[in-house]
Amino acid sequence: MSETLKAPPGTSLPGRASPPRAWTVVLAGLGALLCSLDVVVVATALPALRTDFGASLSELEWTINAYNLAFACLTLTGAALGDRFGRRRMYVVGLAVFTLASFAAALAGGSGQLIAARLVQGAGAAVLLPLTLTLISEAFPVEKRGVAIGVWGGVTGLGVAAGPVLGGAVTEGLSWQWIFWLNVPIGLAMLPLSATRLHESYGTRPQLDIVGLVLAAVGVTGLAWAPVRAPEAGWGSAEVLTALAVGVVFVGAFLEWERRGARHPMLPLGHFRRRGFSTANAAAFLLFASLLGALFMITQLFQFGLGYSPLEAGVRILVWNAMPLLVAPVAGALADRYGTRPFMLGGLALQGLGLALLAWRVEPGVGYGGMVVPLVIAGVGISMVFPSVANAVTAAVPLSEAGVAAGVNNALRELGGVFGVAIAAAVFTTYGGYGSPTAFLDGVGPALWVSAGAAGVGALVSALAPGRD
């Protein structure tokens with residue numbers, strides 16, 4: 001794009017009509033769907049990958065963790081690139097990277113190639129997902145944004161809900177490669193539409209904060225690497241302790257650089273002095289620590305503890321993670337009227353209550369029927385929080401800062417998920433194991449109690465959020 005057509009920072013291009021809202025919701029929603037779907041879709045294909053590649057347990061774990069790790073570490077970078085070079089432009093770039101990486105994953109001839117493709121796929125998603133929320137926030141006025149973000153939250157929830165079902169169905173009916181092939185035609189169809197139907201906008205930073213990008217990427221990588229590796233290497237191992245130390249040092253250096261050294265800071269720390277911004281991001285971290293930690297255990301519970309096939313397990317989980325499809329759009333609309341705090345607080349409380357009831361019911365002889373009500377309660381809870389947190393984060397900052405706000409929110413969400421899975425796995429191995437279904441149930445119960453506790457802490461944090469003006 002020529003400099004004569006470039007808009008001033010924080011605005012859309014001059015002389016253009018208001019952003020086409022229907023296309024924005026559709027294209028941003030599809031981008032969010034692809035990103036959220038690929039967080040969990042591989043889980044039900046792990047046995048097939050082990051058979052085809054002779055993969056070790058560590059390699060199987062990395063087919064999931066490589067995506068989440070790249071996602072968590074590069075999300076702030078993706079948001080900053082959108083602010084600097086154009087949100088529409090970088091949305092198209094992120095979508096292209098994601099689509100090409102999906103193509104490479106489908107053609108992988110070994111576990112190492114698949115892990116590398118998943119790493120690149122996570123990098124593409126790190127650019128793509130934060131810009132979905134930024135594009136919606138830029139297209140809708142504040143008073144109508146809640147409904148659009150509610151739809152976005154519902155679609156994001158659809159990805160989480162459909163992942164286990166789609167993964168099981170495709171693996172059993174076709175092959176695991178089709179999990180990734182499905183992304184390719186969708187991505188190819190979206191690329192020209194995104195380039196022509198979305199309007200361009202920019203953030204307030206005329207230059208990219210390269211030093212901040214490097215410090216943040218290394219620091220977040222260290223903090224994320226530690227819990228990912230801890231179940232295998234041990235929390236007291238030199239590798240894990242070194243990763244934590246590197247993470248803390250580089251994150252500290254990043255914060256100091258952003259506070260004093262950066263001419264155009266990637267993360268204005270003043271945002272965290274806004275109560276709405278800080279409480280919503282803390283709630284997002286705790287929500288995903290609870291959600292993904294519980295999902296990690298429940299998908300295994302249904303298969304190893306109750307004896308269901310991957311597809312049967314995915315279908316039965318729908319009473320929990322399909323709730324956002326029904327509830328999130330309604331919650332987003334109501335949040336416009338009553339404010340986000342009641343829905344953040346109430347949603348996390350319901351998530352914690354549902355998981356606590358589920359942990360209480362997990363014992364030898366438990367059947368699926370006894371789990372339905374707790375799963376529904378937890379599902380309604382996360383449905384209320386998804387759009388409320390997203391709306392609170394973007395509403396707490398000026399519109400020109402929406403990209404940065406979305407990037408921070410997504411980075412903290414993914415880090416919460418990484419820590420949630422790691423802590424749930426550590427608790428599980430402390431109290432149980434894979435030796436028998438009974439031993440497995442002995443470990444699942446305490447792990448679910450920890451996930452319930454994370455949601456409960458999130459509810460307490462949400463109570464500190466500002467009320468509606």
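These legends go with a few close-up views of a predicted model.

**View 1. Confidence along the protein chain.** Before zooming in, here's how sure the predictor is: mean pLDDT for the protein chain comes out at 77, with 81% of the residues at 70 or more. Ranked by mean pLDDT, helix 4 sits at the top of the elements with 90, while helix 6 (residues 142-173) sits at the bottom with 67.

**View 2. The stretch 1-18.** Residues 1-18 stay under 50 in pLDDT throughout. The model still gives this stretch 34 contacts beyond four places in sequence. Go easy on those, though: where pLDDT is low, predicted coordinates shouldn't be read in detail.

**View 3. A nonpolar patch on the surface.** Four residues make up this one: Val-93, Val-97, Leu-119 and Val-120, together offering about 280 Å² of accessible area. Two helices chip in, helix 4 (87-106) and helix 5 (111-139), each with at least two residues of the patch.

**View 4. Val-97 up close.** Staying with the patch, this view picks out Val-97, one of its members, which belongs to helix 4. Its relative accessible area is 30%, so Val-97 counts as partly exposed, a class that runs between 20% and 50%.

**View 5. Thr-24 and Ser-194.** Now over to helix 1 (residues 21-40), home of Thr-24. Thr-24 is buried because its relative accessible area is just 3%, and the cut-off for buried is under 20%. In sequence, Thr-24 and Ser-194 are 170 residues apart, yet their C-alpha atoms are 8.5 Å apart in space.

How values were computed
Residues numbered from 1 in each chain as written. Predicted model: local features only at pLDDT ≥ 70, side-chain atom pairs only at ≥ 80, totals over all residues. Heavy atoms only, no water. Patch = residues over 30% accessible without salt bridge, like charges linked within 9 Å, V, L, I, M, F, W, Y side chains within 5 Å. Areas by Shrake-Rupley, 256 points an atom, 1.4 Å probe, with all protein chains shown as cover. Salt bridge = Lys/Arg side-chain N within 4 Å of Asp/Glu carboxyl O. Helix = DSSP H or I, 4+ residues; strand = E, 2+ residues; numbered from the N terminus. Buried < 20%, exposed > 50% of the residue type's maximum accessible area, 1.4 Å probe, protein only. pLDDT = per-residue confidence, 0-100. Contact = heavy atoms within 4.5 Å.
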